[in-house]
Amino acid sequence: MPVSVIKSEDDYKKLMSAEKTSAVLFSAEWAEQCKQVSDVMEDLSKLLHDKLEFVVITAEDYPDIAMKHQIEAVPTVIFFAKGTAVDRVDGVDIASLTAKCKELGAAATSEQPLEERLKALVNKAPLMIFMKGDRDAPRCGFSKQLIAIVNELGLPYQTFDILTDEEVRQGLKTYSDWPTYPQVYVKGELIGGLDIIKELKANNELEQTLKGE
């Protein structure tokens, strides 16, 4: 999910009333350092978009907002939780920005009940695969076989690396009553693992099943 841009006072008000914690970059187009921070936020958003919202606001276009949050120079990143500033990074400090984003992302995750989080993850894309590694680098033979089969169909899908999150890895086994990985979900419903996928393929039912038809 890309970094969003504040384009009006209403956008700012919505941001301040949002439940989701946000990282807001106060920027200026003429400042090269702002582009550097923005690029890092773009990368972080790909990793943490389900936990944090990443936003850019042009400080000079909204002087009252900039003054309210004591923006004395750009770039400045302020972290907001339910409208309250909880932390900030002044200037170009990529290490600090990355650490604070991951810390707040972890806090946001721990606040969300596991079942709600699992439900959101299995519904993240119409076709979701939970596996060891990811689509570009499977980290077990079963996952590698499954990805090869799905890739043959050319259908869009997303993957989740269970090795990066022990809570999801263990929780999903109970949530879906399915003890092994990989696991394939279509529109939030468990289809099964590699054996089921092979069986569907042998019966010429795989593409129809993965499309949710």
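Mentor: Before we look at this predicted model, one definition is needed: two strands count as paired if DSSP finds at least two bridges between them.

Trainee: What makes strand β2 and strand β4 a pair, and in which sense do they run?

Mentor: Strand β2 (residues 22-27) and strand β4 (residues 76-81) share five bridges, and the requirement is at least two, so they count as paired; the sense of the pairing is antiparallel. One residue match can be given as well, since phenylalanine 26 has threonine 76 in β4 as its bridge partner.

Trainee: How do you know which strands are the edge strands?

Mentor: The open sheet has five strands in the order β1-β3-β2-β4-β5, with mixed pairing. The edge strands are β1 (4-5) and β5 (84-90), each of which pairs on one side only.

Trainee: Staying in the sheet, is serine 27 buried or exposed, and how do you know?

Mentor: Serine 27, which has its place in strand β2, has a relative accessible area of 11%; buried means under 20%, and therefore serine 27 is called buried. Leaving aside neighbours within four places in sequence, serine 27 is in contact with Cys34, Val56, Ile57, Thr58, Ala59 and Val74.

Trainee: Turning to the helices, why is α6 called roughly parallel to α8?

Mentor: The axes of helix α6 (residues 141-153) and helix α8 (residues 194-202) come within 10 Å and cross at roughly 30°. Angles under 35 degrees count as roughly parallel, which means that α6 is roughly parallel to α8. The contact is made by Phe142, Gln145, Leu146, Ile149 and Glu152 of α6, together with Leu194, Ile197, Lys198 and Lys201 of α8, and these residues divide into five nonpolar, one polar and three charged. As for handedness, the crossing in which α6 passes α8 is left-handed.

Trainee: And why is α5 called roughly perpendicular to α7?

Mentor: For helix α5 (residues 114-122) and helix α7 (residues 166-176), the axes come within 10 Å and cross at roughly 85°. The range for roughly perpendicular is 65 to 115 degrees, and therefore α5 is placed in that class with respect to α7.

Trainee: Which residues make the contact of α5 with α7, and how do they divide by character?

Mentor: From α5 come Leu114, Glu115, Arg117, Leu118, Lys119, Leu121 and Val122, and from α7 come Glu167, Val168, Gly171, Leu172 and Tyr175. They divide into seven nonpolar, one polar and four charged; Gly counts as polar under the classification used here.

Key
Residues are numbered from 1 along each chain as its sequence is written. This is a predicted model: local features need pLDDT of at least 70, side-chain atom pairs count only at pLDDT 80 or more; totals for chains, interfaces and linings use all residues. Side-chain values use heavy atoms; hydrogens and water are left out. Axes are lines fitted to C-alpha atoms, for helices over the stretch in contact, and angles run from 0 to 180 degrees between N-to-C directions. Helices (H or I, at least four residues) and strands (E, at least two) are DSSP runs, numbered from the N terminus. Angles under 35 degrees count as roughly parallel, over 145 as roughly antiparallel, 65 to 115 as roughly perpendicular and the rest as oblique. A crossing is left-handed if the near helix is turned anticlockwise from the far one by less than a right angle, and right-handed if clockwise. Contact means heavy atoms within 4.5 Å. Buried means under 20% relative accessible area, exposed over 50%, partly exposed in between (1.4 Å probe, protein chains only).
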